[in-house]
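Visitor: I am new to this structure and would like to be walked through it. Please show it, and then I will ask about its parts.

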Amino acid sequence: MKEFIKKRVAFLFKYLIGFALLVWILSRVDRAQMIDAISSIHFFVLIALLFLAVVNLAIQFLRWKYLVESHSDHFNKKDLIPSFFAGFALRMLIPGGHAEITKVFLLPGKKRGKVVAFGIEKYFQTYIKLILVLITVPLVFPEYRLILWIAAALTIASYFFLPLLFKHSLMIKLQEKTVNYHKIFILTLLYSITIFCLLIYQYYVLLNDFNTINLYDTSISVIFIWGSGLLPISVSGLGVRENLAAFFLAKYGVPPYAAVGASLFIFFINAIIPALIGLYFIIKRRQDLKDAEGTIWSVTKTIYPVSYTHLRAHETVLDL
């Protein structure tokens with residue numbers, strides 16, 4: 001009960017921080033100009049943004065499909081789309097550290113390989129963000145150049161040791177089939193880089209409808225905006241992202257109202273709309289999620305059998 005309350009309080013606290021940061025930045029920009037800018041987006045710009053959002057989602061889905069297919073044979077392809085969209089809603093709706101991982105429970109069957117697929121997906125999202133931020137920060141704050149570029153080099157080097165981790169006996173326990181991790185890591189990396197490039201171009205198209213900014217400066221700014229997800233102080237980077245957008249884009253002559261408006265609008269079409277679709281699937285398939293917590297704890301105890309012997313047993317655990 002105490003753990004339950006702790007998770008809910010932490011989740012609520014993150015939401016409050018995010019909303020507080022969002023209210024703070026909105027109080028410091030010209031909201032009327034921001035609303036006017038968003039409502040005045042040219043028709044062909046809007047079509048371009050929606051097209052890029054759809055392509056972005058398609059590539060994210062192909063990455064998820066590829067990872068699941070590479071790690072498991074125990075799923076139905078028709079369940080991949082509900083699982084994919086549910087992930088957008090779960091990362092914003094479910095408190096606690098598990099959050100988005102719950103989407104694997106919309107894929108009936110064994111869960112081991114699907115959990116590994118999810119872990120690789122999240123790892124490469126974080127990996128690319130971290131490397132780009134470590135490389136880019138010195139371009140804006142040159143006094144930190146040496147230490148950050150060394151950190152970036154070490155992070156890049158860690159990629160080549162990652163396959164060794166999956167040869168460990170603890171990870172082998174989670175494998176459902178023989179996996180070529182070198183191939184998986186390369187393709188996942190390419191998928192993730194393409195997704196990020198599409199995000200940059202979305203910002204570039206929209207910001208140039210509001211103002212004028214070149215592609216290089218847009219890229220530098222978007223790295224920090226996208227990298228806001230590395231700061232676990234709010235839900236889905238709420239508030240943090242908008243503050244970083246206003247700060248970094250101002251360096252390139254973009255007015256704060258345009259920066260915040262662009263950030264909110266792109267977040268809406270890239271994350272909120274898919275989350276609403278995901279919410280529909282969660283409600284429709286809620287029976288598939290009823291045993292999620294028990295199975296997650298079961299997987300955790302499989303990996304850390306000694307550390308978690310004190311955890312409560314669950315009455316119902318899905319067949320792993």
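Visitor: Which residues do ring pairs link into a cluster?

Guide: This is a predicted model. Under the rule that ring centres lie within 6.5 Å, the count comes to 16 aromatic pairs. Ring pairs join one cluster, made up of Phe61, Phe84, Phe85, Phe88, Tyr280 and Phe281.

Visitor: What kind of aromatic pair do Phe85 and Phe88 form?

Guide: The two residues are three apart in helix H4 (residues 80-93), so about one helical turn separates Phe85 and Phe88. Both Phe85 and Phe88 are buried. Their centres are 6.5 Å apart and their planes meet at 35°. Planes under 30 degrees apart would count as stacked and over 60 as edge-to-face, and the pair of Phe85 and Phe88 is tilted.

Visitor: Which residue lies over the face of Phe88?

Guide: Phe88 is a member of the ring cluster. At 4.7 Å from the centre of the Phe88 ring, over its face, lies Arg91.

Visitor: How far from the ring centre of Phe267 is the charged end of Arg241?

Guide: For a charge to sit over a ring, CZ of Arg has to be within 6 Å of the ring centre. The charged end of Arg241 sits over the ring of Phe267, and its distance from the centre is 3.8 Å.

Visitor: How many residues apart are Phe124 and Phe185?

Guide: Phe124 and Phe185 form a tilted aromatic pair, 5.6 Å centre to centre with 45° between the planes. Phe124 is in helix H5 (residues 112-140) and Phe185 is in helix H9, so the pair links distant parts of the chain. Along the chain, the separation of Phe124 and Phe185 is 61 residues.

Visitor: Are Phe124 and Phe185 buried or exposed?

Guide: Buried means under 20% relative accessible area. Phe124 has 0% relative accessibility, and Phe185 has a relative accessible area of 1%. Because both values fall under that limit, Phe124 and Phe185 count as buried.

Visitor: How are H3 and H9 oriented, roughly parallel or roughly antiparallel?

Guide: Helix H3 (residues 43-71) packs with helix H9 (residues 181-210), the axes being 10 Å apart and the angle about 170°. Angles over 145 degrees count as roughly antiparallel, so H3 relative to H9 is roughly antiparallel.

Visitor: How many nonpolar residues does the contact of H3 with H9 have?

Guide: The contact of H3 with H9 can be split by residue class. Three of its residues are charged and eight are polar, while the nonpolar residues number 20.

Visitor: Which residues is Tyr66 in contact with, leaving aside its neighbours within four places in sequence?

Guide: Tyr66 is in helix H3 and is buried, with a relative accessible area of 16%. From Tyr66 to Ile184 the C-alpha distance is 8.5 Å, although they are 118 residues apart in sequence. With those neighbours left aside, the contacts of Tyr66 are Lys183, Ile184, Leu187, Thr188 and Tyr191.

Visitor: Which residues does Gly261 touch, not counting residues up to four places away in sequence?

Guide: Gly261 lies in helix H12 (residues 256-284) and is buried at a relative accessible area of 0%. Its C-alpha atom is 8.8 Å from that of Arg31, 230 residues away along the chain. With that exclusion, Gly261 touches Met34 and Ile38.

Visitor: How many helices does the protein have?

Guide: Every element in the run from the N terminus on is α. There are zero strands in the protein, and the number of helices is 13.

Conventions:
Residues numbered from 1 in each chain as written. Predicted model: local features only at pLDDT ≥ 70, side-chain atom pairs only at ≥ 80, totals over all residues. Heavy atoms only, no water. Axes fitted to C-alpha atoms, helices over the stretch in contact; angles between N-to-C directions. Helix = DSSP H or I, 4+ residues; strand = E, 2+ residues; numbered from the N terminus. Parallel < 35°, antiparallel > 145°, perpendicular 65-115°, else oblique. Nonpolar A, V, L, I, M, F, W, Y, C, P; charged D, E, K, R; others polar. Phe/Tyr/Trp six-rings, centres within 6.5 Å; stacked < 30°, edge-to-face > 60°. Buried < 20%, exposed > 50% of the residue type's maximum accessible area, 1.4 Å probe, protein only. Lys NZ or Arg CZ within 6 Å of the ring centre and 35° of its normal. Contact = heavy atoms within 4.5 Å.
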